[in-house]
Amino acid sequence: MSLAKKILSAVLSVSVGMVSLGSAMSSAAAEVENGYVYDSTISEKSKDLDNEKKQPFNVFDIYNAYYEIVSQTPAVTTTAAKTTITTKATKKTTTTAKPTTTRTTTTTKKTTTTTTTTKAATTTSTTTTTKAATTTTATAATSAVTLLSTTVQPAVTTLPYGHFPEGEYINGIDVSQWQYIIDWQKVKNSGQVDFAIIKAGWGKHADQVDPFFKTNMEQAQAVGLDTGIYWFSYAMSVEEAKEEALACLEVIKGYSFNYPIYYDFEYYEALNTLSYATLSAMIETFCSTLQEHGYYTGVYGSGSDFEYRIYRHVLDKYPVWVAEYDTPTLTWYTGNHGMWQYSPKGRIDGISTDVDLNYCYVDYPSVVGVNPKDGILPVVTTTAATTAAVNTTTTAYNTTTEFVTTTAAERVYNGKIVELDTAAAYDWNTFDKSTYDFAMIQADSSEIGLIGENIDKAHSFGINCGVVFECNTVTSEKIKEDIAALDAQFSGRRFDYPLYFGLTGSNSGFAAYGYESNNAAYIADEFCSYFESKRYFVGIMAEDKVLGYRFNSDLLSRYDIWQIKYNNDPSLYTGKCGIISRIDPVSGELRITTTRNYPDIMTYNGLNGYTLYEENLGLY
């Protein structure tokens with residue numbers, strides 16, 4: 001460690017001792033299926049930027065220097081010119097306290113008195129001429145309020161340019177896969193929604209895309225709604241926050257919109273185990289990375305977390321979207337904010353589920369312009385043809401054949417799972433060949449010895465088959481024993497469909513099979529890589545949420561996938577699948593289908609015991 005870093009480390013060590021903890025309730029509901037060093041945010045002085053600058057040092061900046069984190073905040077643009085903006089959405093004026101914006105407070109966390117404060121060096125004059133399609137003119141002295149351009153975001157504590165006058169706001173929603181299929185034309189026609197913030201995905205892998213992101217973005221914009229984006233964080237370090245930013249950039253590439261892209265920062269484990277400095281640095285890293293690529297970026301989280309766990313001067317750099325429920329005014333968060341998510345239980349025509357409701361106090365389309373700065377917003381046409389196209393797309397997505405993607409040239413092959421039982425032999429004479437094209441022989445560790453004879457019997461009845469090894473193994477030693485036993489059963493035999501490492505039924509319980517420590521993924525890879533080296537066509541069979549949340553995308557990209565869904569919710573795993581299982585909407589039974597001609601794949605390539613003929617060698 002260099003001398004400079006040793007000195008910084010010593011300063012940090014002293015700072016870490018100055019911990020001041022505040023217990024706070026998190027109001028925002030986590031989107032997960034269930035999800036401190038010196039704290040300048042608690043000090044009242046820290047809420048005044050001028051006082052904060054008088055402190056002898058800033059711990060967060062020292063942290064950045066120590067870990068070589070460079071702030072990417074763009075240069076501030078200051079102008080004395082008169083700027084005219086056009087408000088695109090009709091502003092709602094309230095006569096009650098319900099949507100009040102909290103700007104500057106002098107009270108404690110449970111009571112908030114709202115005042116508009118003009119600092120000594122700042123003069124702001126705002127004139128509103130009409131309530132709909134307004135033209136607002138803001139005039140500022142050169143040394144006064146800093147104006148936001150369409151591409152830069154200054155770090156200021158004064159009321160930013162573009163805010164609606166006190167007590168005025170517009171209404172919006174935020175949506176994800178949990179809202180399922182949305183009729184965006186009905187949402188628009190309801191008159192209750194001026195904008196929508198749409199989930200793009202989560203985590204640090206670009207294949208973790210919200211399954212409805214593309215549909216929601218395109219259809220919401222097609223009906224003329226303003227849109228923004230959010231990305232859900234599972235990061236546990238600054239480095240992972242950077243990876244999340246890069247994954248997000250990959251997913252949103254090619255889309256243009258006119259609201260910010262928000263870093264959804266509410267992961268329970270991170271908020272309750274990491275230091276203030278780390279949490280604040282993660283927000284800084286994600287947002288600055290997107291800024292470098294021309295995006296106008298903000299942060300979302302609960303009021304209590306923002307008030308007590310994130311450095312205020314970090315939040316002052318970005319548009320804040322705060323969540324607090326069941327309260328007429330914000331009671332936890334006392335900082336500047338552009339949006340308030342005030343309810344998770346809204347009901348909007350065109351959406352079949354509860355949906356989050358938001359107040360917005362900033363004319364973001366005028367402030368942001370186009371996000372990213374070099375993007376081009378989609379052209380909105382309101383013709384009957386456009387409406388019909390949107391509705392047709394929605395209908396097509398909602399058809400009962402969603403679980404099978406086919407073209408005119410493709411054939412759908414139907415399969416049946418044949419579960420072996422050590423107490424009774426399966427009667428292959430009862431297998432309905434008029435309904436099923438293939439059988440998947442499923443066996444656990446205790447039934448491996450029955451696999452070979454059942455492959456032989458299936459073939460004797462002219463039935464193509466594959467194998468599912470139902471894993472109930474959590475150790476590397478045991479899986480090696482099972483692999484050896486399976487290999488012996490396959491010796492001298494051929495089968496026509498893949499060999500799957502299966503995690504089904506009770507075997508998909510996360511805790512029981514070591515998902516938290518990645519044991520299941522390691523064992524799956526050990527299983528598949530062994531049989532792949534022996535020229536078997538191998539894959540992973542698992543429930544949708546296991547594939548979508550628990551397995552690394554690199555692992556899933558190397559092997560065939562059999563995705564199981566026991567309901568008709570949107571898929572969490574959106575990668576390619578060889579076999580899929582879905583609930584039949586008519587019969588209610590679990591259907592197993594594939595459009596791949598696996599027998600031809602095996603015979604042509606010499607896999608699963610089949611011989612690779614000489615004439616195929618040049619094409620293999």
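Angles between helix axes are described here by class, in that those under 35 degrees count as roughly parallel, those over 145 as roughly antiparallel, those from 65 to 115 as roughly perpendicular and the rest as oblique. The axes themselves are lines fitted to C-alpha atoms, for helices over the stretch in contact, and the angles run from 0 to 180 degrees between N-to-C directions. The structure is a predicted model, in which local features need pLDDT of at least 70 and side-chain atom pairs count only at pLDDT 80 or more, while totals for chains, interfaces and linings use all residues. Residues are numbered from 1 along each chain as its sequence is written, and side-chain values use heavy atoms, with hydrogens and water left out.

The chain contains 18 helices and 20 strands, where helices (H or I, at least four residues) and strands (E, at least two) are DSSP runs numbered from the N terminus. Of its 620 residues, 52% count as buried, a term that means under 20% relative accessible area, with exposed meaning over 50% and partly exposed lying in between (1.4 Å probe, protein chains only). The accessible surface of the chain comes to about 27100 Å², and carbon and sulfur atoms account for 52% of that surface; such areas come from the Shrake-Rupley method with a 1.4 Å probe, and for residues only the protein chains shown count as cover.

Three helix pairs are described in turn. The axes of helix α14 (residues 476-490) and helix α15 (residues 519-533) come within 10 Å and cross at roughly 30 degrees, and the two helices are therefore roughly parallel to each other. Their crossing is right-handed, a term used if the near helix is turned clockwise from the far one by less than a right angle, whereas an anticlockwise turn makes a crossing left-handed. On the α14 side the contact (heavy atoms within 4.5 Å) is made by Ser-476, Ile-479, Lys-480, Ile-483, Leu-486, Asp-487 and Phe-490, and on the α15 side by Tyr-522, Ile-523, Glu-526, Phe-527, Tyr-530 and Phe-531. By class, this contact of α14 with α15 has nine nonpolar, one polar and three charged residues, where Ala, Val, Leu, Ile, Met, Phe, Trp, Tyr, Cys and Pro count as nonpolar, Asp, Glu, Lys and Arg as charged, and the others, Gly among them, as polar.

Helix α14 also packs with helix α13 (residues 451-460), at an angle of about 30 degrees and with the axes 8 Å apart, which makes α13 roughly parallel to α14. The crossing of α13 and α14 is right-handed, and the contact is made by Ile-451, Gly-452 and Ile-455 of α13 together with Leu-486, Gln-489 and Phe-490 of α14. Four nonpolar, two polar and no charged residues make up this contact of α13 with α14.

In the third pair, helix α6 (residues 238-252) and helix α8 (residues 276-292) pack at an angle of about 30 degrees, with their axes 8 Å apart, and are therefore roughly parallel to each other. The crossing of α6 and α8 is right-handed. Residues of α6 in the contact include Val-238, Ala-241, Lys-242 and Leu-249, and those of α8 include Thr-278, Met-282, Phe-286 and Glu-292. The residues of the contact of α6 with α8 divide into ten nonpolar, three polar and three charged.

Among individual positions, Ala-443 lies in strand β14 (residues 438-443) and is buried, with a relative accessible area of 0%. Not counting residues up to four places away in sequence, Ala-443 touches Leu-420, Ile-451, Val-468, Phe-469 and Glu-470; its C-alpha atom is separated by 6.4 Å from that of Glu-419, 24 residues apart along the chain. Ala-222, in helix α5 (residues 213-222), counts as partly exposed at 23% relative accessibility, and lies 8.7 Å from Trp-184, C-alpha to C-alpha, the two being 38 residues apart in sequence.

Backbone geometry was also examined. Most residues other than glycine have a negative phi, and most peptide bonds are trans. Tyr-180, although not a glycine, has a positive phi of about 60 degrees; this residue is placed in the loop between β5 (168-175) and α4 (184-189) and is partly exposed, with a relative accessible area of 25%. Asn-608, likewise not a glycine, has a positive phi of about 55 degrees and is found in the segment after α18 (598-605), where Asn-608 counts as buried at 0% relative accessibility. The peptide bond from Asn-371 to Pro-372 is cis, with omega near 5 degrees, and Pro-372 lies in the loop between α11 (364-368) and α12 (384-397).
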